[in-house]
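Trainee: I am new to this model. Please take one chain and walk me through it closely, along with the places where its neighbours meet it.

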Amino acid sequence: MSDLLQVENLQKSFGGLTAVADLSFSVPSGSVTGLMGPNGAGKTTVINLVSGLLRPNRGHVVLNGERIEALPPQHIAARGIARTYQNVRLFSGMTVLEQVMAGCFLRRDTSLFASFLGLPAANAARRAVARHALELLEQVGMAGRGDDLAEALSYGEQRRIEIARALGTQPRLLLLDEPTAGMNAQESDGIGRLVHSLRDGGMTVLMVEHNVRLVMDFCDRVTVMNFGRALTHGTARDCMAHPEVQEAYFGRRDDAERIRALR
Amino acid sequence: MSDWFQDLWAAYRSTLGFAMVNAFFSLSTYAVLSAGILSFATVTYAAAGGFIGTQLALQAHLPVLLVLPASALVGALLAFAVALVFLRLDSHWMALASLALVLITRVVALNATPLTGGVNGLSVPLFFPFAALAGLLALTAVVFWRLSNSWYGIAARAVREDPAVASTLGIPPRRIQTIAFVVSGAVGGLGGMTLALMLQFLSPETYFINIAFTMIAAVVLGGSYHWAGAILGACVFTALPVIAQAVLPEFEKVLNGVALLLIMIFLPRGLIDPRGWKLRRAAKSP
Amino acid sequence: MSLFIEQLINGCALGSLYALFAIGFGLVFATLGILNAAHGTYASWAAIAAYWAVDQLGLPFPFAMLAGVAGGAVLALLVDQIGFQPLRARNAGLLGALITSIACWIVLDSLADSATGHQSLSFPLPAYPSGMIHIGEIQFATMQGISIAAMLVVTVGMHWLIRYSRFGAAMRAVGWNEAAASLSGVNPRRVVMVTALLAGATSGLAGVLGGVTTQNVSYTLGEGLMLKGFAAVVVGGYDDVRGAAVAGVALGVLEVMAAQYISTSLRDGITYALLLGFLLVRPRGIFGGVAFTRA
């Protein structure tokens, strides 16, 4: 299995604060890779670096052999990386369908002039985009909700729309930043199954996830971070057994006992 | 009955004319605002379009119907140049910089005497039928309607709401905003020329900061999330002083200001608000 | 030579007014995120208040000045609470506050015009220090000295307040992110109100000084200050008191020197050409450079 994404010695600091310090890991093609770590480990910063919203101070991000860390986000999107956001960032005032159509910008397939004049070819392209957007909504389980105002929907529904919007760019690599935050077990499993179906369709997924059970169930591989570095890589089960991971996640054994004593 | 109508027409004909001219300016302001940019540079495009258009008519004897597209072209080219410089700034600075550009425009207009007539101004002895003005505005509205329905429309909305998210979807924010600037410039240049035709006189004071401020107010008042809001806002904003003058001539301006203040506080998203409609619809249907 | 130095002092005095105006304008822009079109009207009304204090109440000049400054501050607070406070709850952003500030500007300007009886008033002669200060061969008006001194005091005081005091830290926190500021124990409402008061007071000070030195008490006083003070904000950078002060004084000197040595008709042109140059070359102002984006 070759690697679709390689992160090499990535470093990013904000002022004096180092969010990512010398991080290296890779995402195998066709895998669902989990990125775990305690709060403040730098996971979201990694997603921002890979998607181009931030530029690293040092190090490389390599997509399919091409270095992309210096490219602007729109060029990275065009090369096949799409993402969602930890605290859902949908466009205010847009309907569900419009959100997804905005995500389909890269496949508009017609010049502005043709689109402006409403030439038959442009109209056909627009209809094709709308059809595709509807299919994506169906895929994420939001069929029939296209005309609703996205901000009037529930949090879980908004997360699904955000995934559909990201899928609109036809990514090879999908970055999900805590896709199940604030969801109950049933909704989370739904997201997990969706991720699996995307993988089975040939997509590669890198997801930041807190929920250990979900990572165990749905991730093929896991990278665990702490203090901006990779602690360990491997299968979910191996990673969770790693003593440093245990410590990072659950604190030291004696800490845990002390906390229990406090209760 | 017909006499009554004729009187009314005579009294408010010019008000309607100015409302239409103002609609060009507010559409120009809306064009950039709809891509997330607060810019006052419409005044600059208008001055360039107005003065150069007028000179083309007076010196080169170009017919008015050719002068108008020329004015739009002048505005568009100028706006493109402005975009190259301004799009490097962040939004707060861009607003300030465009305000500065308006001040600079006036000084340039005052000193470029061969083009503008300097302090003495420039008389514009050209005739432009009322119906043609209405037709031109209708044509411009069609352009905005088509733009809002093209892929540009949805991309511009995305950039306005969240440029960072838009860029991760492959939408290039600066390119979208450059298009917005060019559209703004073309419509602004056109508006500048129609104002010249309407006033039949131009001076450096014609295109000044008051246009910028009233037009931005008109757009927000009418609703800055739909092109029709810009036109409606311009109409209301042109009518408001006329009404205020009829009601309380002594405090006409105070009344204007208070009305604007109240509308802004109670209708912050303007008179035409597609999002509000959708929200109400969502609230009704279970 | 003495002519040159006298003109330099003239320029500094004029520039001090621009600087005072720019400091308040920039303060509101950086802390509250408001592009306040009504900022100039505080100056006009402060000058009117000081004029009334002299003319109607017969107060001595220092008290008249104080009345003007207090008037500007109170007016700024009123505008903030009526025009801007209702929008804060709605997150209307830069645009909403700009529109209400335009509304307040229209109202206050036209009321000021009525208050001065649609004309320009001037302070009666014995009411203010009208003498000249002589230093060697050089002489300049006492009021010019007062203007420069006032600008220096305000600049140093304001810079200290923002950079080094606890309250200044709170102001910067609010400017950075209001929600985060309130989480960290800063009371944003209080910061907002004090910021408005300070801005109104500095604009008022510029208004009183300008009203006396230019012999013009009317709504046009504030508009004139606005157009030039605004240039100082752009050249100096709105998030730095020192920048606004230096830029204001520099613009004043440039204007006077241009009128003296180049041409009177070009003096505004030179100011705005400089403005354009800065926009192109150093868009964030003299001291600018730190990325500062409001969340």
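Mentor: Start with a pair that is apart. Chain A and chain C do not touch. Their nearest C-alpha atoms are 11 Å apart. Two pairs of chains are in contact, and chains B and C share the most contacts of these. Chain B is therefore our part, since it meets chain A as well as chain C. Keep in mind that this is a predicted model.

Now the build of chain B. It has 13 helices and two strands. Along the principal axes, the C-alpha atoms of chain B fill a box of roughly 60 × 50 × 30 Å. Is that chain a compact globule by its radius of gyration, or not? A compact globule of 286 residues would have a radius near 19 Å, and chain B has 19 Å, so the two agree. Of those 286 residues, 55% count as buried. Look at the contacts inside chain B with a separation of 6 or more: 77% of them join residues 24 or more positions apart.

How far can you trust it? Chain B averages a pLDDT of 89, and 99% of its residues score at least 70. Among its elements, helix α9 of chain B (residues 173-199) has the highest mean, 96. The lowest mean, 80, belongs to α13(B). As a rule, predicted coordinates should not be read in detail where pLDDT is low.

Next, the contact with chain A. It takes 25 residues from chain B and 30 residues from chain A. Four helices of chain B each supply at least two residues to this side: α6 (130-149), α7 (151-161), α8 (163-168) and α13 (274-284). The largest share comes from α7(B), with seven residues. By type, the side of chain B that touches chain A divides into 15 nonpolar, four polar and six charged residues. Note that α13(B), with the lowest mean pLDDT among the elements of chain B, is one of the helices on this side.

Then the contact with chain C. Here 29 residues of chain B meet 35 residues of chain C. On the chain C side, α3 (61-88), α4 (93-115), α9 (219-236) and α11 (267-281) each supply at least two residues. The largest share there, 13 residues, comes from α4(C). The side of chain C that touches chain B divides into 26 nonpolar, six polar and three charged residues.

To recap: chain B touches chain A through 25 of its residues and chain C through 29 of its residues, while chains A and C do not touch.

Methods. Residues are numbered from 1 along each chain as its sequence is written. Chains are lettered from A and ligands numbered from 1 in the order in which they are written. This is a predicted model: local features need pLDDT of at least 70, side-chain atom pairs count only at pLDDT 80 or more; totals for chains, interfaces and linings use all residues. Two residues are in contact if their C-beta atoms, placed from the backbone, lie within 7 Å. Ala, Val, Leu, Ile, Met, Phe, Trp, Tyr, Cys and Pro count as nonpolar, Asp, Glu, Lys and Arg as charged, and the others, Gly among them, as polar. The radius of gyration is taken over C-alpha atoms; the globule rule is 2.2 Å times the number of residues to the power 0.38. A residue is buried if 20 or more other C-beta atoms lie within 10 Å of its own, exposed if 12 or fewer, and partly exposed in between; C-beta atoms are placed from the backbone. pLDDT is the predictor's confidence in each residue, from 0 to 100.
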